[in-house]
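Subject: A structure for you to look at

Hi,

Here's the structure I promised to pass on. Have a look at it first, then read on for what turned up.

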Amino acid sequence: LAGALAPLRRVRGGIIVLVAHALASGARLEIFDELDSTSAEARRRIENGAPASFWVLARRQTAGYGRRGAAWHHAEGDVAATYATNADAPPEKVGEWSFVAAVAVMAAVRRFAPSADLALKWPNDLLAGGAKLSGLLLEYFTTPPGVADLAIGIGVNVVSRPEVADYPTSRMLDLTDGAPPTPELFIAALDAELSATRARWRAEGFGPIRARWLENAAGFGRTIRIRAHDEVIEGVFEDLDPTGALILHSSGGRRVIAAGSVIRT
């Protein structure tokens, strides 16, 4: 991994960029000293016709954001990155990327913390010891052929435990025996895991990814609580449907929830 990360320093628009060689998937990695948001930078590039695939990694973010525009805070040494690519799927299947990416993030963390107590919180958060370690944000665009149309924002707590609503947080620093990985090293590992998980998804469909996600699902078979729009729903987490929607058995009967956030497992 380290051999893939011999950087060259250059300046673009007054912003210092560290340009790395292609990673395992062939994607280009650019490392910024500072950005407003890696997702915003990926969006700007996509709007300007950037081809797939590339990674944007920031050592510092001044305006990071997550789902529903919520602020995402991280310290230098944490992972703040966005992967831009072609979705390789019709719009109705783009949501499967949440599970593809979440499974890959979990596998990447296991490379550095093999004994960590990890679980996946629907739809795409990673927990360690029941506390949030990582979150994902998917943004899908309508673009001309050959231009990236999917951006996956990835935040991983490596050295800090930022405060977030509804859930405690964890960090890789407390999960590894030695020093935790640098953001560059973690992204190199994640790129390899994401490439392998994506290849399996393309070859075998969503079924194996869904099964692997469920094997590691937080709260599976237990009573959980979900915030969906302005409603809080409590019930037993029974399954995922073939699209990745969560199937919940509540006091009101069987519920299929396509979008929301688990606030207790």
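Leaving aside its neighbours within four places in sequence, which residues is Ala128 in contact with? Before we get to that, please keep in mind that this is a predicted model. The partners of Ala128 are Asp117, Leu118, Leu133, Ser170 and Leu175. You'll find Ala128 in strand β7, residues 125-128. Its relative accessible area is 6%, and anything under 20% counts as buried, so Ala128 is buried. Also have a look at Thr169: this residue is 41 residues from Ala128 along the chain, yet their C-alpha atoms are separated by 8.3 Å.

Another strand residue to click on is Val156, in β9 (residues 150-156). Val156 has a relative accessible area of 0%, so it is buried too. If you skip residues up to four places away in sequence, Val156 touches Asp78, Val79, Leu133, Ser134, Met172 and Phe186. Take Phe186 from that list: Val156 and Phe186 are 30 residues apart in sequence, and 9.4 Å apart in space when you go from C-alpha to C-alpha.

Now for the helices. Start with α3, which covers residues 183-204. There's a nice sanity check here: at 1.5 Å a residue, its 22 residues should span 32 Å, and the end C-alpha atoms are 31 Å apart, which agrees. Right after α3 comes Gly205, with a positive phi near 85°.

How do α2 and α3 pack? Their axes are 8 Å apart, at an angle of about 135°. The two helices are therefore oblique to each other, and their crossing is right-handed. Quite a list of residues meets here: on the α2 side it includes Trp97, Val100, Ala104, Ala108 and Phe112, and on the α3 side it includes Leu185, Phe186, Ala189, Leu190 and Trp201. Sorted by class, this contact has 17 nonpolar, 1 polar and 4 charged residues.

Next, try α2 (residues 96-112) with α4 (residues 206-215): their axes come within 10 Å and cross at roughly 50°. That makes this pair oblique as well, because an angle of roughly 50° is neither under 35 degrees nor in the 65 to 115 range. This time the crossing is left-handed. From α2, the contact uses Glu96, Phe99, Val100, Ala102, Val103 and Ala107, and from α4 it uses Phe206, Ile209, Arg212 and Trp213. The class count is 8 nonpolar, no polar and 2 charged.

The remaining pair to look at is α3 with α4, where the axes are 6 Å apart and the angle is about 130°. So α3 is oblique to α4. Thr197, Arg200, Trp201 and Glu204 of α3 make the contact with Phe206, Pro208, Ile209 and Arg212 of α4. These residues divide into 4 nonpolar, 1 polar and 3 charged.

One last residue, which ties the helices together nicely on screen: Thr197. It sits in α3 and is buried, since its relative accessible area is 5%. Not counting residues up to four places away in sequence, Thr197 touches Val100, Val103, Ala104, Ile209 and Arg212. Of these, Val100 and Val103 also belong to the α2 side of the contact with α4, while Ile209 and Arg212 belong to its α4 side.

Have fun turning it around!

Cheers

Technical notes:
Residues numbered from 1 in each chain as written. Predicted model: local features only at pLDDT ≥ 70, side-chain atom pairs only at ≥ 80, totals over all residues. Heavy atoms only, no water. Axes fitted to C-alpha atoms, helices over the stretch in contact; angles between N-to-C directions. Helix = DSSP H or I, 4+ residues; strand = E, 2+ residues; numbered from the N terminus. Parallel < 35°, antiparallel > 145°, perpendicular 65-115°, else oblique. Left-handed = near helix turned anticlockwise from the far one by under 90°. Contact = heavy atoms within 4.5 Å. Nonpolar A, V, L, I, M, F, W, Y, C, P; charged D, E, K, R; others polar. Expected span 1.5 Å × (residues − 1). Buried < 20%, exposed > 50% of the residue type's maximum accessible area, 1.4 Å probe, protein only.
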